[in-house]
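Let's take a look at where the charged side chains sit and how they pair up. Have the structure open while you read.

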Amino acid sequence: MDRAAVDAGGLSLRKAIDEYLEPFDVFTEEREFLATALLGESESLKIDKDGRVVLSEKIKAHTGITEAVVFVGHGYKFQIWEPEKYEIFKADAAKQAMALRASLSARRKALREAGSGGAA
């Protein structure tokens, strides 16, 4: 949605989106905005006779894909990226993941210390 990549994943991705939208009342603006962003622009990927994914012009324009692609697995979904854009994102993601890991470790340590009354 907010990256130059395509999220794909069939029913598992659709289920995750539905679960994400579930807490929002059906007729609220918040749900309408999110549903439009997450579902309103969705497309079914086309597969050619040789089993290759055929991307629409709209997807190619959004991602900047011209010839080569990178598929990135995320468990319940995968992403399709233009290779150079993915390398830039991957470098940033590695930095962000390290910072998140350090923050999580610090929070876990603080919780352990609080649970033990601060005694060493």
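Which helix holds the place of Glu32? Glu32 belongs to helix α2, which covers residues 29-40. Keep in mind that this is a predicted model.

## A negative patch

Glu32 has company: together with Asp25, Glu29 and Glu30, Glu32 forms a negative patch on the surface. With a relative accessible area of 44%, Glu32 counts as partly exposed, because that label covers values between 20% and 50%.

## Pairs along helix α1

Side chains of opposite charge can pair when their charged atoms come close. Searching the whole structure turns up nine salt bridges.

One of them links the side chains of Arg14 and Asp18, at 3.0 Å from N to O. These two are four residues apart in helix α1 (residues 10-21), so about one helical turn separates Arg14 from Asp18. Arg14 is partly exposed at 42% relative accessibility, and Asp18 is partly exposed too, at 35%.

Glu19 and Lys15 also meet in a salt bridge, with 3.9 Å from N to O. Here again the partners are four residues apart in helix α1, so Glu19 and Lys15 have about one helical turn between them. Glu19 is partly exposed at 46%, while Lys15 counts as exposed at 52%.

## A little network

Now find Asp50 and Lys49: their salt bridge has its closest N and O atoms 3.8 Å apart. Both of these residues, Asp50 and Lys49, are exposed. They're also part of one network, in which salt bridges with shared partners join Asp48, Lys49, Asp50 and Arg52.

How values were computed
Residues are numbered from 1 along each chain as its sequence is written. This is a predicted model: local features need pLDDT of at least 70, side-chain atom pairs count only at pLDDT 80 or more; totals for chains, interfaces and linings use all residues. Side-chain values use heavy atoms; hydrogens and water are left out. Patches are made of residues with over 30% relative accessible area and no salt bridge: like charges are joined within 9 Å, nonpolar side chains (Val, Leu, Ile, Met, Phe, Trp, Tyr) within 5 Å. Accessible areas come from the Shrake-Rupley method with a 1.4 Å probe; for residues, only the protein chains shown count as cover. A salt bridge is a side-chain nitrogen of Lys or Arg within 4 Å of a carboxyl oxygen of Asp or Glu. Lys and Arg count as positive and Asp and Glu as negative; His and the chain ends are not counted. The place of a charge is taken as NZ of Lys, CZ of Arg, CG of Asp or CD of Glu. Buried means under 20% relative accessible area, exposed over 50%, partly exposed in between (1.4 Å probe, protein chains only).
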